[in-house]
Amino acid sequence: MSTQRRVTLRIQGTVQGVSYRESARQEALRLGLSGWVRNRSDGSVEATVEGEPGALEDFIRWCHSGPRMARVTDVARTDGGATGEFRTFTVERTS
């Protein structure tokens with residue numbers, strides 16, 4: 001039985017134009033996570049991430065601050081079971 005979990009995050013604040021997505025990709029890969037991150041048209045950033053629960057929690061903690069120039073005001077999360085659909089962690093197009 002897999003212990004892998006999935007979390008979808010919605011990060012709000014000053015999170016676009018500050019290298020948030022690329023920094024999130026690097027952090028996710030460092031933690032051994034898979035999924036994607038993208039800008040949303042409303043100015044927030046959205047991420048869907050899968051991996052081991054401890055690594056996911058480390059990633060979520062990182063998302064609360066992000067890269068140096070970011071100013072995060074809120075991180076909303078939705079938890080679920082992993083699907084195993086991702087092979088790596090990518091930056092996707094704006095939704």
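**Serine 34, an annotated pair and two helices**

Leaving out residues up to four places away in sequence, serine 34 touches Thr48, Val49, Glu50, Phe86, Arg87, Thr88 and Phe89. The model behind this contact list is a predicted one. Serine 34 sits in strand β2, which covers residues 34-39. With a relative accessibility of 12%, serine 34 falls under the 20% cut-off, so it counts as buried.

Strand β2 also holds asparagine 39, and that residue leads to the next spot worth a look. In an unreviewed UniProt entry, the annotation "active site" covers Arg21 and Asn39. The two span 19 residues in sequence, but their C-alpha atoms are no more than 7.6 Å apart, so they gather at one spot. That the label comes from an annotation matters for how it is read, as such entries may be inferred rather than shown by experiment.

What does the side chain of asparagine 39 do with the side chain of arginine 21? The two make a polar contact, at 3.4 Å. Asparagine 39 itself is buried, with a relative accessible area of 9%. Setting aside neighbours within four places in sequence, asparagine 39 is in contact with Gln16, Arg21, Ser44, Val45, Arg93, Thr94 and Ser95.

Over on the other side of the pair, arginine 21 belongs to helix α1, residues 20-30. Is arginine 21 buried or partly exposed? At 27% relative accessibility, arginine 21 counts as partly exposed, since that class lies between the 20% and 50% cut-offs. Again leaving aside neighbours within four places, the contacts of arginine 21 are Val37, Arg38, Asn39, Val45, Val91 and Glu92. Val45 turns up in this list and also in that of asparagine 39.

Helix α1 has a helical partner too. How do the axes of α1 and helix α2 (residues 53-63) cross? They come within 10 Å and cross at roughly 155°. Angles over 145 degrees count as roughly antiparallel, so α1 is roughly antiparallel to α2. The crossing of α1 past α2 is right-handed. On the α1 side, Tyr20, Ser23, Ala24, Glu27 and Ala28 take part in the meeting, and on the α2 side the residues are Phe59, Trp62 and Cys63.

Put together, β2 carries buried serine 34 and buried asparagine 39, while α1 carries the partly exposed arginine 21 and also meets α2.

Terms used:
Residues are numbered from 1 along each chain as its sequence is written. This is a predicted model: local features need pLDDT of at least 70, side-chain atom pairs count only at pLDDT 80 or more; totals for chains, interfaces and linings use all residues. Side-chain values use heavy atoms; hydrogens and water are left out. Helices (H or I, at least four residues) and strands (E, at least two) are DSSP runs, numbered from the N terminus. Buried means under 20% relative accessible area, exposed over 50%, partly exposed in between (1.4 Å probe, protein chains only). Contact means heavy atoms within 4.5 Å. A polar contact is a pair of N or O atoms within 3.5 Å; within protein, one must be able to donate a hydrogen and the other to accept it, and residues adjacent in sequence count only if both atoms are side-chain atoms. Axes are lines fitted to C-alpha atoms, for helices over the stretch in contact, and angles run from 0 to 180 degrees between N-to-C directions. Angles under 35 degrees count as roughly parallel, over 145 as roughly antiparallel, 65 to 115 as roughly perpendicular and the rest as oblique. A crossing is left-handed if the near helix is turned anticlockwise from the far one by less than a right angle, and right-handed if clockwise.
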